[in-house]
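Please open the model in your viewer and keep the selection panel at hand, since each stop on this tour begins with something to select.

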Amino acid sequence: MPTPGGPYSGIWKLSDLSKYIQDNSWPTAYIGSTDIGYGLGGEENSNTNIIDFVTISTGGQFLDYGDLSQSGTGGAVSTSTRVVHGGGNITGGQSNVIEYFEIAVKGNTTDFGDLTVARGRDPGINNDTRGLFCGGSDGSYYNTIDYITIASTGNATDFGDMISPALGGGSNNVNSTTRGVVMGGGNPSRSDVIQYITFGSTGNMTDFGDIAAGGSLLNAGACSSTRGVYAGGDGGGGGNQMGYITIASTGNTTDFGDLTFSSSEGIIGMSNSTLGLFGGGSSPGAVAVDKITIASTGNGVDYADMTTTHSEGAGSSGSHGGLS
Amino acid sequence: MAAPNIVNVTSILGEVDQFALGTTLTTTLITAASNKVYKINSINIANIDGTNDAAVTMGIVKSGGSQINFASTITVPADATLVLIDKNNGFYLEEGDAIAGGASATGDLTATISYEIIDDA
């Protein structure tokens with residue numbers, strides 16, 4: 001029988017596995033893969049704390065990964081080793097909790113620290129070093145931008161402010177290694193503003209351009225290192241709209257194509273820098289996930305199913321365009 | 001339709017089927033035909049990817065029902081074979097019942113299912 005810790009090649013019976021699993025030495029199929037996309041929290045009829053995941057390059061059925069400590073609608077940032085979730089509109093109030101999990105360890109989250117202001121619908125952007133939680137809303141609206149050093153647990157620090165007015169519910173996950181972008185949001189009407197920061201320098205957001213199809217709220221984002229794509233939301237272009245920007249160049253969005261579904265307010269997004277996934281939405285039971293190839297415009301293709309809608313929750317991955 | 005009385009069988013046919021598992025975890029693999037009962041003797045899951053671990057999920061779908069898994073996201077290490085079902089824990093599939101399942105990644109796992117088709121016609 002192999003030594004605990006491997007190698008594990010050979011023929012195994014379930015009784016053998018149980019000994020290794022009890023010893024916590026049986027491998028997990030998903031350990032260490034940066035090609036995994038995660039759905040975190042959100043709501044489906046009521047707030048949820050579910051974290052589920054899928055292999056982005058293969059798609060299929062999302063599987064359960066673990067749980068957030070609280071049920072609600074926050075933002076997320078991630079590196080190739082760690083996923084961090086911040087804030088959340090939770091039942092009865094708002095959360096300032098920042099929590100994380102290591103992608104090498106399947107399971108529940110661990111406390112990371114606190115946001116400077118408790119809030120939810122606070123989209124995350126990040127590079128390898130810094131993670132930012134931008135704006136937020138729950139009746140009130142926030143222009144706060146918090147940042148953390150993803151590799152080091154601790155409380156968030158003020159980074160700067162979003163462009164007035166304060167917005168909540170913009171896109172998550174649109175970033176290069178140097179620049180983070182938030183597209184859209186609401187206060188309470190839909191905003192078409194695209195705004196950005198440079199990760200290396202604290203300060204306020206700068207105007208990038210507009211969402212050409214009109215304001216969009218509770219939309220989602222996915223990106224390579226050069227191109228950012230937003231999808232869905234309840235914008236003027238319809239709930240199945242997608243548009244893209246070239247992250248290094250300011251300007252308005254260009255039409256990318258359409259999702260296969262249109263009930264997409266509150267959808268989440270994730271990417272492995274080549275493929276972008278958009279899924280979920282505000283309708284209970286809306287778990288369908290579309291795939292796009294970020295470098296090539298075109299319509300979405302039905303590709304996967306989540307275990308819950310994650311409406312207004314967060315998507316994340318270990319290989320998006322903000323990571324080197 | 002009538003499930004065979006296995007005291008009065010007229011034939012028992014040995015069968016083996018093999019499947020390359022995809023990532024849809026509810027893919028039907030074997031369905032017991034009308035007027036037959038299938039005795040599942042073994043299900044072996046082989047990870048044919050020499051590098052990556054993969055996870056198998058498999059269950060029974062009773063006729064007209066939903067899938068209930070007897071294995072859920074069990075990791076099969078690279079170049080390993082998991083004996084999921086053997087003669088010590090075999091089971092019957094009644095007419096219309098099915099085995100369904102899938103894997104965490106396409107192209108990594110194969111399923112080999114050995115069974116008997118029991119008929120009393």
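Begin by selecting A:Gly10 together with B:Ala80, for in this predicted model A:Gly10 stands opposite B:Ala80, a residue of β6(B). Widening the selection to the two strands shows β1(A) paired with strand β6 of chain B, residues 80–85, in the parallel sense and over four bridges. Strands of a sheet pair through backbone hydrogen bonds, either parallel or antiparallel, and it is therefore the backbone atoms that are worth displaying at this stop.

Next, select the whole interface between the two chains, where 20 residues of chain A are in contact with 20 residues of chain B. The area buried between chain A and chain B comes to about 1,500 Å², and carbon and sulfur atoms give 62% of that area. On the chain A side, colour A:Leu14, A:Ala29 and A:Thr58, which lose the most area to chain B and together make up 27% of what that side buries.

Which elements of chain A give two or more residues to the side that touches chain B? They are β1 (10–13), α1 (14–22) and β6 (60–61) of chain A, and of these β1(A), with four residues, gives the most. Sorted by residue class, the side of chain A that touches chain B divides into ten nonpolar, eight polar and two charged residues.

With the interface still selected, turn to the contacts that cross between chain A and chain B. The rule finds zero salt bridges across this interface, whereas it finds nine residue pairs in polar contact, counting pairs with both residues at pLDDT 80 or more.

For the last structural stop, leave the interface and select the strands β16, β17, β18 and β19 of chain A, which form an open sheet of four strands in the order β16-β17-β18-β19, with antiparallel pairing. The edge strands are β16 (174–175) and β19 (206–210) of chain A, each of which pairs on one side only. Within this sheet, strand β18 of chain A, residues 193–198, pairs with β19(A) in the antiparallel sense over four bridges. To see one place in that pairing, select A:Tyr196 and look across to A:Thr206, its bridge partner in β19(A).

Finally, colour chain B by confidence: its average pLDDT is 93, and 99% of the residues score at least 70. For the model, the scores to keep beside the picture are an ipTM of 0.87 and a pTM of 0.82.

Methods. Residues numbered from 1 in each chain as written. Chains lettered and ligands numbered in written order. Predicted model: local features only at pLDDT ≥ 70, side-chain atom pairs only at ≥ 80, totals over all residues. Heavy atoms only, no water. Pairing = 2+ DSSP bridges. Contact = heavy atoms within 4.5 Å. Buried area = accessible area lost by both parts, 1.4 Å probe. Salt bridge = Lys/Arg side-chain N within 4 Å of Asp/Glu carboxyl O. Polar contact = N/O pair within 3.5 Å; in protein donor to acceptor, adjacent residues only side chain to side chain. Nonpolar A, V, L, I, M, F, W, Y, C, P; charged D, E, K, R; others polar. pLDDT = per-residue confidence, 0-100.
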